[in-house]
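Work through the exercises below with the sequence and the structure at hand. Try each task before reading its solution.

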Amino acid sequence: MNKVDKLGQEIKNIFEEDSEGIALSNETINNIIKNSKPSRMVKFRELMNKEIEIPLAPAIAGLAALLVISILPKGVFKDHNIQVIDIGGSQIIIRDDREVADK
Amino acid sequence: MKIRVKVKTILLGMLIIGILYFWGIPQATLGIANYLYTRNNDKAQLYYEKYANTRKSVSSRLIFAESLVNYYSRFVIYSQGWGGRNGVSQEEMEKAEEVLHLNLRENPSKSELKDYISSYRMLMDMAIAEGSPDKLKELIGWGEKSNITEIKEISSIYTAFLHTINRDFSKAEIIIEDLERAGSNDPRLQIMRGELALFQGNIEEATRLYDEFSKRNWKEQEDTYFGSRSYLDRKFWLEQANEHIGEDGFIEGRILFEGKPMAFVEIYLQYADGGFRVGGDGYIAITDENGHFKSIGLKKGLYDIGVGTMESILVDKVFSRTEPGYVEVGEGITTVDFKFRNTIKVLSPQPGTYLDSDELIVQWEEVPGAAYYTVEPVVFTDPINKSGGYFRRAIESVEGEIRFTSDSARFKVSELLYASGGLTREGNDWILGPGAVLGMFLPGVEYPITVNAYTKDNGLITSSLPMRTYYDSLPSVIMPGELSEGQRLVTGMDYPEAIQHYEDILIEDPEDVEAITSLAKLYGLGWKRGEKNLDRAFDLSDSIMESDLRSDILNTILQEMTSEEIIQNEKIVLEVIESLDNLKNDDSKYIEFKFHRAKKDWKAARAALEKLESYVPDTLVFLDLYFEDYDKAIERLKDKRFYPSRLQGSIFTDAVAALKENPPSSSDLSVFREFVERLIDEGSYENRGVLYTSTTGRLRDKNLKTIIDEIYNQRHWNQ
């Protein structure tokens with residue numbers, strides 16, 4: 001275990017010594033970056049970590065609208081005011097709207 | 001304002017929203033629906049529907065259907081009254097049926113099986129409640145073919161029900177026995193056993209079985225069985241029904257709608273005591289699939305027979321009242337048929353017709369067998385808001401007729417504008433209702449118009465006004481113009497201001513018809529207790545040029561006059577009676593009776609009552625007895641125009657007939673006459689208990705005592 005570590009340290013030292021004098025131009029660096037292929041995972045992470053700007057008010061309004069549309073049934077704001085009156089034993093239904101088809 | 005958000009955060013948010021949408025939103029919708037339902041909010045149904053549409057599961061559809069058809073109430077119709085709670089509409093029944101049928105098309109998972117079975121059962125209950133044997137049989141057939149054991153079992157139970165109501169008792173018993181042997185503990189089997197015992201005359205066994213049923217847990221007791229929730233009431237009814245149930249006789253008959261049988265209609269019974277109960281106790285029979293029924297055994301007596309059905313069935317149907325109300329049950333079978341009819345189609349006016357001329361033409365389609373028709377506007381105490389009380393009165397045509405033999409009638413609107421409306425009083429001060437002062441029609445107000453068809457015996461064949469309908473489908477007229485200041489004051493019951501307003505008008509224009517008629521009524525009736533000014537009312541009436549209008553107003557004033565006022569104004573009352581002589585209305589003829597009653601001229605009072613055309617009052621029978629005309633008394637009691645009363649029963653009529661054979665002594669007759677005088681005199685009602693005890697204590701004749709006992713019962717003097 002120690003032997004392996006020592007060997008590894010030696011190799012690392014040699015590389016550091018050898019590369020001490022090497023300097024890459026910006027162009028080279030850019031070329032390397034440009035020509036190297038990042039893995040899909042890296043790409044995905046990059047995408048996931050990408051930050052986008054969202055306008056807060058429209059986002060909240062949209063979300064709230066979605067929730068309201070999803071929960072509120074159709075016609076909930078329509079006043080289904082139904083009054084039943086009695087005329088000589090007949091039950092007469094007075095309704096504000098005529099959604100229900102006549103028989 | 002903008003925020004910077006990582007894509008992964010947005011995706012996480014969308015995932016949460018997705019879960020919320022597909023799971024959380026339906027649950028929240030259901031939660032809102034349940035909350036609204038517990039608060040009796042009508043909008044609960046919309047949320048249940050939304051829940052069913054988003055979930056699309058067997059359970060969600062069943063919940064929605066149960067919210068639509070949540071109560072299987074029976075609308076009860078007796079001869080003396082009818083009513084019931086505002087139940088499920090026809091549209092709600094149809095919608096529930098539609099979603100439950102969607103459930104039956106599903107292939108249910110294990111977790112859905114219970115709701116799937118409940119959906120099937122509910123559909124069958126609805127078929128029974130709707131009175132549809134065809135639907136029930138179709139569902140039974142569907143259940144027989146099912147490979148689900150529970151569905152097959154329910155199908156068998158409802159087959160047993162069908163056999164029971166069709167009086168095929170042995171077939172029903174075989175099915176029930178088979179199911180019991182197989183270990184079924186369905187409460188419906190216990191109910192079927194109870195019904196079988198009841199219809200086979202074993203009341204004791206039926207009572208025992210329903211008593212056992214009432215010991216089941218509350219959830220089972222409260223459930224709906226065979227389209228009804230009244231099975232729990234059977235126990236209480238049977239326990240107190242000894243006075244009605246016996247072996248003397250049976251009532252048999254059919255219930256038809258335009259000749260077609262009405263199945264599964266419950267038949268009820270109660271004593272002929274003038275009132276009526278809703279709720280369906282007093283159950284004695286149910287119609288089979290041919291609309292036929294046969295009651296359990298009943299003791300001899302006079303009864304009121306009622307029918308109970310779902311309100312949704314009554315939409316646009318008229319209950320035909322061509323037969324007398326009460327039924328005398330003797331030995332053997334007494335036949336009673338009930339008929340429902342289609343409404344009369346009114347061709348003119350259409351709903352919401354604006355009147356732009358002085359002529360109102362009412363036209364209708366002829367009804368076969370009708371002897372005559374009447375046209376009756378519906379006038380509310382508060383006509384603007386269509387609330388408060390209401391009244392209907394047959395109106396006179398331009399020819400002065402109120403009974404029409406053709407299929408149309410013409411009316412002059414200006415004559416009806418100031419004619420008297422309904423007379424009502426409110427509170428301890430007897431504040432006059434505006435309808436008594438305002439005319440029959442008010443400008444800018446809508447009035448439904450009804451047309452009724454009668455037999456020659458004044459039995460109602462059918463009407464344009466059904467048992468249940470929508471207001472906007474009723475023929476109606478809207479009067480032109482706007483309310484006057486005076487009418488506005490009267491409508492708001494600001495009577496002192498109205499009187500001042502009209503008096504001011506008369507200073508400017510002494511012939512203003514609205515001011516004269518309104519003031520005459522306000523003074524003549526008294527806008528509150530102690531505010532009558534009859535002299536001023538009669539003076540004002542004199543200045544009305546139009547004779548029919550004058551008669552109408554005097555008629556209204558005279559009807560409210562006490563005997564004392566009549567005596568004080570004898571001369572003018574006599575003049576009015578003479579002027580009213582041409583009027584067809586029975587109300588005006590009754591005034592003549594009031595005059596003679598005030599004068600204590602009983603012979604003339606009797607003669608005045610004999611002039612009534614549309615009805616025979618019991619007062620006339622009492623006056624027949626007063627003059628020892630027993631044959632006439634019995635004849636009048638049998639008259640179809642006699643309002644249904646327990647006096648038509650054999651106890652009363654036998655006593656009257658016996659008096660003919662054994663006339664009372666002169667002293668007894670004198671006591672009885674004193675009783676009759678006080679009975680028909682106004683105010684005697686307050687001392688009814690004293691009147692009864694003081695009379696019976698002095699009488700020896702048992703027949704006269706029976707007559708007075710029956711009057712005591714008929715008038716509920718014991719309450």
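Two exercises follow, one on the contact between chains and one on a sheet.

The model is predicted, and local features need pLDDT of at least 70, side-chain atom pairs count only at pLDDT 80 or more, while totals for chains, interfaces and linings use all residues. Residues are numbered from 1 along each chain as its sequence is written, and chains are lettered from A and ligands numbered from 1 in the order in which they are written.

**Exercise 1.** Describe the side of chain B that touches chain A.

Solution.
- Step 1: 37 residues of chain B are in contact with 32 residues of chain A (C-beta atoms, placed from the backbone, within 7 Å).
- Step 2: α1(B) gives the largest share of this side of chain B, six residues. Helices (H or I, at least four residues) and strands (E, at least two) are DSSP runs, numbered from the N terminus.
- Step 3: By type, the residues on this side are 18 nonpolar, five polar and 14 charged. Nonpolar means Ala, Val, Leu, Ile, Met, Phe, Trp, Tyr, Cys and Pro; charged means Asp, Glu, Lys and Arg; the others, Gly among them, are polar.

**Exercise 2.** Work out which strands stand at the edges of the open sheet β14-β16-β19 of chain B.

Solution.
- Step 1: The three strands lie in that order, with antiparallel pairing (strands pair if DSSP finds at least two bridges between them).
- Step 2: β14 (346–348) and β19 (408–412) of chain B each have a single partner strand, so one side of each lacks a neighbour in the sheet and they stand at the edges.
- Step 3: β14(B) and β16(B) are joined by two bridges, and Val346(B) stands opposite Trp364(B).

How values were computed: Two residues are in contact if their C-beta atoms, placed from the backbone, lie within 7 Å.
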